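Subject: The structure you asked for

Hi,

Here is the structure, as promised. Have a look at it first, and then read on for what turned up.

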Amino acid sequence: MKKKSHYIEYDYESTFNDPMEEANEKEIEKLLANRKIKSIYTTKTIKAGNQFEVEIYPAFTRKKATELNIKPKSKLAQKKLNDRNARKRAERLINANFESGDLWITLTYDNEHLPNDIEEALKNMKNYIRRINYRRTKLGLPKAKYIYVTEYSHKKKIRCHHHMIMDKGLSMDEIESMWKCGKRNNVRRTHEDDIGGLTGLAKYLVKDPAGSKRWCSSTNLKKPVERKSYSAFRSRQVRKMVENRECVKTLLEKRYKNKLLVDFEIKKNEINGYYYVYARMTERRNI
């Protein structure tokens, strides 16, 4: 029987919120020297298509979390965390399931077809996808894989549009003709970033909107692969990364031999001197 972890779950990204961009050596030495409570550094990796993310952060026992004044999140903080995690999940799902040559679709409404509420807008999308899947079935194709985002705002009437990523199979003309609620639409092919993957497009789609957003996806998507380790990187290795940023590339690429580092950030907690390291990597063949 798997032994239950003694370490608590917490919002480590918000806990470590001071970017270590230009920290000088004396400041780093002072923060490292003032550590009073030991912890185990947790390493979480997320593989989504060609994209590979690494998050390194300290795992605290409940007792030590209390000593470090890491408190439960407020309702507002929890909502912000949920929104941020929803965007991250959407980004990762896009990279895990789509590639160059798939379809990026923008769907709009004319004045005659403006939905009365968000529920009606989502119903329009369901009908649209039903027509697409009917056509795909007639051609012997499996049901479409898709993720769509409905962005909307309320004035006298709801104003909204939909962004969708869908796998290839039907022509762009067919895809556009099946939308019955407006004519100012746009269907184009997706193109991978220079490092492989669709991270740039994904970030555009999941950016914070001026109004609100609703996410939906098909049930046939592959999930990103997440793994967690308490031994991948020790405290001394994290110390090396903080003291010498060149070590981040060396240590990560040594640990994950078929990956190349794309970018990274290091954050610190001023109160207790612990660190959070985030890195984005990609398959070697994509560079």
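Let's start with a single residue: is Val149 buried or exposed? Val149 is buried, with a relative accessible area of 3%. Before going further, please keep in mind that this is a predicted model, so everything below is computed from it.

Val149 is found in strand 5. Setting aside residues up to four places away in sequence, Val149 touches His161, His162 and His163, then Leu205, and finally Lys213, Arg214 and Trp215. One of these, His162, is 13 residues from Val149 along the chain, and their C-alpha atoms are separated by 5.6 Å.

Lys213, also on that contact list, is found in strand 8, which covers residues 212-217. You might ask whether a lysine like this one is left out in the open, but Lys213 is buried, with a relative accessible area of 16%. The limit for calling a residue buried is under 20%, and that is why Lys213 at 16% makes the cut. What does Lys213 touch, not counting residues up to four places away in sequence? On one side of the list are Val149, Thr150, Glu151 and Tyr152; on the other are Tyr204, Leu205, Val206 and Lys207. As for His162, its C-alpha is 9.5 Å from that of Lys213, and the two residues are 51 apart in sequence.

Now the overall picture. The protein has 287 residues, of which 48% count as buried. Its secondary structure comes to 9 helices and 11 strands. If you take the contacts between residues at least 6 apart in sequence, 72% of them join residues at least 24 apart. The protein exposes about 16,900 Å², and carbon and sulfur atoms supply 49% of that area.

Next, the empty spaces. How many cavities of 30 Å³ or more does a search of the whole structure find? The search finds 2. The largest holds about 70 Å³ of space. It is lined by 11 residues, and the closest to its centre are Ile8, Glu9, Thr42, Tyr57 and Lys228. Strand 3 (residues 51-59) gives the largest share of this lining, with 3 residues. Sorted by class, the lining of the largest cavity has 8 nonpolar, 1 polar and 2 charged residues.

The second largest cavity has a volume of about 40 Å³, and Val149 turns up again in its lining, together with Ala90, Ile94, Ile147, Ile165, Leu205, Val206 and Trp215. Helix 4 (75-97), strand 5 (146-154) and helix 7 (199-206) are the elements that give two or more residues to this lining. By class, the lining of the second largest cavity has 8 nonpolar residues, with no polar and no charged ones.

Helix 4 is also where Glu91 is found. Is Glu91 buried or exposed? Glu91 counts as buried, at 17% relative accessibility. Leaving aside its neighbours within four places in sequence, Glu91 is in contact with Ala202, Lys203 and Val206. With Ala202 the C-alpha separation is 5.1 Å, although the two residues are 111 apart along the chain.

Helix 9 (residues 246-255) is worth a click too. Its buried residues are Cys247, Val248, Leu251, Leu252 and Glu253. What do the buried residues of helix 9 pack against? They pack against strand 3, helix 8 (235-243), strand 10 (259-268) and strand 11 (275-283).

Last, the cysteines. A disulfide is a covalent bond between the sulfur atoms of two cysteines. How many disulfides are there here? The count comes to 0. Cys181, for instance, is in no disulfide, and the nearest cysteine sulfur, that of Cys160, is 9.1 Å away. The cut-off for a disulfide is a pair of sulfur atoms within 2.5 Å, which is why a separation of 9.1 Å does not qualify. Cys181 is buried, with a relative accessible area of 11%, whereas Cys216 counts as partly exposed, at 23% relative accessibility.

That's the tour. Shout if you'd like to go through any of it together.

Cheers

Methods. Residues numbered from 1 in each chain as written. Predicted model: local features only at pLDDT ≥ 70, side-chain atom pairs only at ≥ 80, totals over all residues. Heavy atoms only, no water. Helix = DSSP H or I, 4+ residues; strand = E, 2+ residues; numbered from the N terminus. Buried < 20%, exposed > 50% of the residue type's maximum accessible area, 1.4 Å probe, protein only. Contact = heavy atoms within 4.5 Å. Areas by Shrake-Rupley, 256 points an atom, 1.4 Å probe, with all protein chains shown as cover. 1 Å grid on protein atoms, 1.4 Å probe; cavity = no way out; pocket = protein on both sides within 12 Å on 5 of 7 lines; lining within 4 Å. Points joined across faces, edges and corners; volume = space filled by probe spheres on them. Nonpolar A, V, L, I, M, F, W, Y, C, P; charged D, E, K, R; others polar.
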